[in-house]
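Please examine the structure below together with its sequence. The account that follows takes up one helix and then one strand residue.

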Amino acid sequence: MKPLQLKFLVIILLVCAFGCKNDAKAVKDVPEQSIDLVLKHAKGFSVKSYKNYKVLEIYSPWPKADKSYKFALIDKNLKDKADLNADDFESIISIPIERIVVTSTTHLPGLELLEEDEKLVGFPGTQYVSSEKIRTRIDNKAVRELGKNEGVNTEVLLELRPEVVIAFGVDGNNASMETVKKANIPVIYNGDWVEETPLAKAEWIKLFGVLFNKEDKAESVYNTIETEYVMAKTLAQNVENRPSVFSGAMYKDVWYMPNGTSSEAQLLKDANANYLWKNTQGSGSLALNFETVFNKAKMGKIWINPSIYGSLQELEKANIHYTKFDAFKKQNVYSMSNTKGETGGVLYYELGQARPDLVLKDLIKICHPELLQDHELFFFKKLN
């Protein structure tokens with residue numbers, strides 16, 4: 001072989017070797033493909049499924065959260081376990097969960113609707129639980145009392161050794177949950193309440209679906225709720241009469257009213273009601289004085305959720321000026337505080353967030369009694 005030919009052959013071999021090396025490196029560096037959990041409305045969390053693990057990420061566990069929280073979920077039944085770096089996650093959790101603690105009544109429907117309520121081993125404030133099935137477990141000592149959400153009895157909780165705790169927090173400062181995490185028990189902050197729409201809040205049932213390896217059932221349950229909600233909303237939109245509605249009552253010297261961008265206002269809008277404070281914005285409730293509310297709502301047709309008051313007499317006794325509202329005079333005042341479980345827990349505070357379709361149907365029945373003839377009020381009752 002001539003020197004020139006030999007030189008070209010060496011160059012070609014070098015190019016091939018370098019190219020093959022780069023190709024191998026490129027293949028190795030290709031990230032593992034994931035499949036995202038389908039979420040139609042919820043924005044506060046995501047789930048990515050990989051070959052032999054999943055990544056749950058909580059974006060908004062409380063308002064103005066400054067970081068997200070990642071959890072690796074590994075199926076107990078998989079033979080090929082994922083090789084993960086624990087430093088990349090808050091916790092690595094084995095699923096499906098067999099022992100769970102939740103800390104808000106709004107979390108309970110996520111267990112019951114998926115038929116996983118028997119996995120609950122502890123709850124703070126068991127007297128507020130309305131679910132008949134879970135109350136039976138409480139009475140049978142299968143669910144332990146854990147005190148209060150703000151100061152959970154960590155000694156009892158640690159004795160229960162749950163595989164995960166679903167927590168509720170307003171700012172991330174929870175000493176009890178920090179103690180739980182130091183004991184190597186994973187804590188997931190549920191941010192369903194931060195979502196802006198009723199359907200988005202309800203969609204957090206899919207988080208529980210992932211934890212129990214019941215994604216398909218969670219999807220089915222949610223789709224049924226969404227379908228019923230949309231059907232009711234569509235029915236209400238065909239009605240021309242939009243009754244004026246206001247809400248709330250005085251607490252000390254302040255009347256708290258849902259702002260126009262809240263999920264409560266969205267429900268009234270979807271019920272085709274004229275919510276008198278629909279054009280307001282902001283996070284949290286509006287804080288108004290009595291004169292402001294009276295001037296705008298004195299002719300309002302319907303009064304929804306006048307705080308904790310369970311009768312017109314209680315309203316009158318609390319403030320004689322309440323009797324000056326037309327809605328009071330015509331006895332068009334409705335409250336959800338009278339629908340309670342066996343031990344006094346208000347059912348709305350437990351199930352209302354998970355079943356916005358039932359809440360919407362109630363509001364449509366109240367605002368447009370000619371519609372939904374077969375629907376009986378589920379959460380709301382008219383005050384007598």
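The paragraphs below treat helix α5 and its surroundings, and then Ser-46, in a predicted model.

Helix α5 comprises residues 175-182, and its buried residues are Ser-176, Met-177 and Val-180. Viewed down the axis of α5, these buried residues fall within an arc of 95 degrees, and they therefore line one face of the helix. On the other side of α5, Ala-175 and Lys-182 are exposed. What do the buried residues of α5 pack against? Their partners are two further strands and a helix that precede α5 in numbering, namely β10 (151-152), β11 (164-167) and α4 (154-160), together with β12 (187-189).

The two ends of the helix may be considered next. At the start of α5, Asn-174 places a side-chain oxygen within 3.2 Å of the backbone nitrogen of Ser-176; Ser-176 is also one of the buried residues of the helix. After α5 comes Asn-184, which has a positive phi, near 65 degrees.

The second site lies in strand β2 (residues 45-49), where Ser-46 is found. Is Ser-46 buried or exposed? Its relative accessibility is 15%, and because the cut-off for burial is under 20%, Ser-46 counts as buried. The side chain of Ser-46 makes a polar contact with the side chain of Tyr-59, at 2.7 Å. When residues up to four places away in sequence are not counted, Ser-46 touches Leu-39, Val-55, Leu-56 and Glu-57 as well as Tyr-59.

How values were computed
Residues are numbered from 1 along each chain as its sequence is written. This is a predicted model: local features need pLDDT of at least 70, side-chain atom pairs count only at pLDDT 80 or more; totals for chains, interfaces and linings use all residues. Side-chain values use heavy atoms; hydrogens and water are left out. Buried means under 20% relative accessible area, exposed over 50%, partly exposed in between (1.4 Å probe, protein chains only). Helices (H or I, at least four residues) and strands (E, at least two) are DSSP runs, numbered from the N terminus. The arc is that of the directions from the helix axis to the C-beta atoms. Contact means heavy atoms within 4.5 Å. A polar contact is a pair of N or O atoms within 3.5 Å; within protein, one must be able to donate a hydrogen and the other to accept it, and residues adjacent in sequence count only if both atoms are side-chain atoms.
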